[in-house]
Amino acid sequence: MNDMTDIRPDPDEILASIRREEELEKRGRLKIFFGMCAGVGKTYSMLHFALAEKVKKSDVVIGYIEAHNRKEIVELTGGFELIPRKQIIYKGTVLEEMDLDKILERKPAVVLVDELAHTNTQGSRHLKRYQDVREILDYGIDVYTTLNVQHLESRCDIVSQITGIIVRETLPDEIFENAEEIELVDITPDELLSRLKEGKIYTPELSREAANNFFRKGNLTALREMSLRIVADRVDKQLKMYMQKKSIRGPWKSGMHLLALVSASPHSARLIRWAKNLAYSMGASLAGLYIETTKPLSQTEKEQLNKNLD
């Protein structure tokens, strides 16, 4: 009897899964074209996939695509309706951002939004593009988008250690984890370096600088392994959720919980990211705990604590 109880799916997990599905029916679906870094072909793959959907009579428009003067990307965008970008004046310079209001007013079935981790220009409704995407999804519109592994919040410390470059633009892991579909766009480091040398990623000047810094073969190999592992973990997690939903007997790990103790230390952020990675791999829940004491915090410590809690 005890053995049967151990392998029986958790009713709370099943109920939570049903509720998630009900919410998903109301919201748009998010599909992320995911890769180890720039140049692997995420935008190209997204546009090709979207063209196939358009052939099926799906109403697909471009909300924002960054072509970087790549001929093949420019040619592919010609097959879609483009939502005009919003112009924002910042420090005397006219900058262009995705026009969220025009997309919501147009209300297509699908909108293509490049570079999910992008930081919007000051004066935009949201600080980050992923927040724009959340609003679009809440409006019932599907979104196809692109993302590099270094922009995941829990991975930015590791990427900085590997490449020596601090990643400024990140997004919460939950955006990635809650996406309905993740499509891995993968090529070998050698093939990527060849594309870089041929000028298919950056201009010749930027290509030389990139090859001497971020685009070293060792860096690319490590980033590729990281992106492959993340997607493999996601597939494993999806399989377990499917088995629970279908009441298929198997090894359940739903009882695992991790607790991260948060303080005003700048090292807490790294601890939280490490705990998040571990929790995702284990299929465990993660909670953060801050213990307030009578010792007063300095203004700097208060600001750091708020960052850590966020």
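Guide: In this predicted model, a residue is called buried when its relative accessible area is under 20%, exposed when the area is over 50%, and partly exposed in between.

Visitor: Why is tyrosine 202 called partly exposed?

Guide: Tyrosine 202 has a relative accessible area of 29%, and since buried requires a value under 20% and exposed a value over 50%, the residue falls in between and is therefore classed as partly exposed.

Visitor: What makes tyrosine 202 and phenylalanine 215 an aromatic pair, and which geometry do they have?

Guide: The ring centres of tyrosine 202 and phenylalanine 215 are 6.0 Å apart, and rings pair if their centres lie within 6.5 Å, so the two residues qualify as a pair. Their planes make an angle of 90 degrees, and because planes over 60 degrees apart count as edge-to-face, that is the name given to this arrangement.

Visitor: Why is this pair said to tie together parts of the chain?

Guide: Tyrosine 202 sits in the loop between helix H9 (189-197) and helix H10 (204-212), whereas phenylalanine 215 sits in the loop between H10 and helix H11 (217-245), so the pair joins parts that are 13 residues apart in sequence.

Visitor: Is phenylalanine 215 buried or exposed?

Guide: The relative accessibility of phenylalanine 215 is 4%, and as buried means under 20%, phenylalanine 215 counts as buried. The structure holds 5 aromatic pairs, and ring pairs also link Phe33, Phe49 and Tyr144 into a cluster.

Visitor: Which residues is alanine 38 in contact with, leaving aside its neighbours within four places in sequence?

Guide: Alanine 38, placed in the loop between strand E1 (30-35) and H3, is in contact with Asn148, Leu192, Ile201, Tyr202 and Phe215 once those neighbours are set aside. The two members of the edge-to-face pair, tyrosine 202 and phenylalanine 215, are thus listed among its contacts. The C-alpha atoms of alanine 38 and leucine 196 are separated by 9.9 Å, although the two residues are 158 residues apart along the chain. With 23% relative accessibility, alanine 38 counts as partly exposed.

Visitor: How do you know that histidine 118 is buried?

Guide: Histidine 118 has a relative accessible area of 17%, and because the limit for buried is under 20%, the label applies to histidine 118. Histidine 118 is placed in the loop between E6 and H6 and, apart from neighbours within four places in sequence, is in contact with Glu97, Lys128, Arg129 and Glu169. Leucine 206, found in helix H10, is 88 residues from histidine 118 in sequence and 20 Å from it in space, C-alpha to C-alpha.

Visitor: What is notable about phi of lysine 57 and phi of glutamate 115?

Guide: Most residues other than glycine have a negative phi. Phi of lysine 57 is near 75 degrees and phi of glutamate 115 is near 55 degrees, so both values are positive in residues other than glycine. Lysine 57 belongs to the loop between helix H3 (42-55) and strand E2 (60-64), and glutamate 115 to the loop between strand E6 (110-113) and helix H6 (129-138).

Visitor: Why is lysine 57 called exposed and glutamate 115 partly exposed?

Guide: Exposed means over 50%, and lysine 57 has a relative accessible area of 77%, so the term fits lysine 57. Glutamate 115 has 31% relative accessibility, which lies in between the limits of under 20% and over 50%, so glutamate 115 counts as partly exposed.

Visitor: What makes the radius of gyration of the chain agree with a compact globule?

Guide: With 310 residues, a compact globule would have a radius of gyration near 19 Å, and the chain has 21 Å, which agrees. The C-alpha atoms fill a box of roughly 65 × 55 × 40 Å along the principal axes, and the secondary structure comes to 13 helices and 10 strands. Buried residues make up 39% of the 310 residues, and residues 24 or more positions apart account for 71% of the contacts with a separation of 6 or more.

Visitor: How far apart are the mean positions of the positive and negative charges?

Guide: The mean positions of the 46 positive and 48 negative charges are 2 Å apart. The chain exposes about 17900 Å², of which carbon and sulfur atoms supply 53%.

Note on methods:
Residues numbered from 1 in each chain as written. Predicted model: local features only at pLDDT ≥ 70, side-chain atom pairs only at ≥ 80, totals over all residues. Heavy atoms only, no water. Helix = DSSP H or I, 4+ residues; strand = E, 2+ residues; numbered from the N terminus. Rg over C-alpha atoms; globule rule 2.2 N^0.38 Å. Buried < 20%, exposed > 50% of the residue type's maximum accessible area, 1.4 Å probe, protein only. Contact = heavy atoms within 4.5 Å. Areas by Shrake-Rupley, 256 points an atom, 1.4 Å probe, with all protein chains shown as cover. Lys, Arg positive; Asp, Glu negative; His and termini not counted. Charge placed at Lys NZ, Arg CZ, Asp CG, Glu CD. Phe/Tyr/Trp six-rings, centres within 6.5 Å; stacked < 30°, edge-to-face > 60°.
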